[in-house]
Amino acid sequence: MNKTLPKNGLAALARAAFTIGRKAWPLQNTFEQRYVSDPINMEHVQRYKTFIGFSDTFPIPLSYFYLFAQRAQLSMMMDRCFTYPVPGLVHMANSMQLLEPIDHTLAMDVKITAAQENADQTGRLCISFVVTIEQLGILRVRCNSRYLGKRGDSKDTVKTLQQTHSKLERFAEWVMPHD
């Protein structure tokens, strides 16, 4: 039976701080969690679009689904099977795909898997999250996220991030409007 997708808020972020004592051991296996999310509240979508500054061209912007992906990611990071401290993770990359239209009146099945990639030249480990959103058994949205598992000296982490960033290809860029 799938759990309800948890909400993120200050309490969830506060709990994440308590993972700081984890030893950042490599993940032993790929593991997954499954959730059910309520139908999409279109009033919330409209507030999101207004806040971000999106037009009404698309009923639900693709980036809106990252809110669900991020909730699933944080929930998995809080799981005891996830061996990295949340405050030590550095978000490196994201990609999202809308594969089929979403019906906002239907509940969504959210599945997340986490896997560790091979260590890079500095010995740092990357963790990949794949979040999929389905309705009626049809894959609708996929989100891939990569995090660097911070281990050791923060100067090395900055150098690794700079090396990684120089290799990434830019597909899109957003500028957030000011208040």
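Here are four short exercises on the structure above, each with a worked solution; the model is a predicted one.

**Exercise 1. Find out how many helices and strands the protein chain has, and in what pattern they follow each other.**

Solution.
- Start by counting: the protein chain holds four helices and six strands.
- Next, walk along the sequence, and you will meet them as β-α-β-α-α-β-β-β-β-α.
- Now look at contacts between residues with a separation of 6 or more: 73% of them join residues 24 or more positions apart.

**Exercise 2. Work out the order of the strands in the sheet, and explain why one side of β1 and of β3 is left without a neighbour.**

Solution.
- Trace the sheet from strand to strand: the order is β1-β2-β4-β5-β6-β3.
- Note its type as well: this is an open sheet with mixed pairing.
- Then check the two ends. β1 (3-4) and β3 (89-98) are at the edges and each has a single partner strand, so one side of each has no neighbour in the sheet.
- Finally, zoom in on one pair: β5 and β6 run antiparallel and are joined by 11 bridges. As an example to look up, S128 has R146 in β6 as its bridge partner.

**Exercise 3. Describe the largest nonpolar core: how many residues does it have, and which element gives the most to it?**

Solution.
- Begin with the count: the largest nonpolar core has 34 residues.
- Pick out the residues with the most contacts inside this core; among them are I40, F65, F82 and F129.
- Ask which elements supply the core. Those giving two or more residues are β2 (31-37), α2 (42-52), α3 (66-78), β4 (108-116), β5 (125-135) and β6 (138-149).
- Compare their shares: α3 gives the most, with seven residues.
- Try following F129 outwards. Setting aside residues up to four places away in sequence, F129 touches Q73, M76, M77, F82 and I112, to name some of its partners, and also C143 and Y147.

**Exercise 4. Decide whether K49 is buried or exposed, and list what surrounds it.**

Solution.
- Locate the residue first: K49 sits in helix α2.
- Read off its relative accessible area, which is 4%. The cut-off for buried is under 20%, so K49 counts as buried.
- List its contacts beyond four places in sequence: F54, S55, D56, F58, P59 and P61.
- Look closely at one of these: a polar atom of the K49 side chain lies 3.5 Å from the backbone oxygen of P59.
- For the wider picture, buried residues make up 35% of the 179 residues in the protein chain.

Note on methods
Residues numbered from 1 in each chain as written. Predicted model: local features only at pLDDT ≥ 70, side-chain atom pairs only at ≥ 80, totals over all residues. Heavy atoms only, no water. Buried < 20%, exposed > 50% of the residue type's maximum accessible area, 1.4 Å probe, protein only. Contact = heavy atoms within 4.5 Å. Core = buried A, V, L, I, M, F, W, Y, C linked by side-chain atoms within 4.5 Å. Pairing = 2+ DSSP bridges. Polar contact = N/O pair within 3.5 Å; in protein donor to acceptor, adjacent residues only side chain to side chain.
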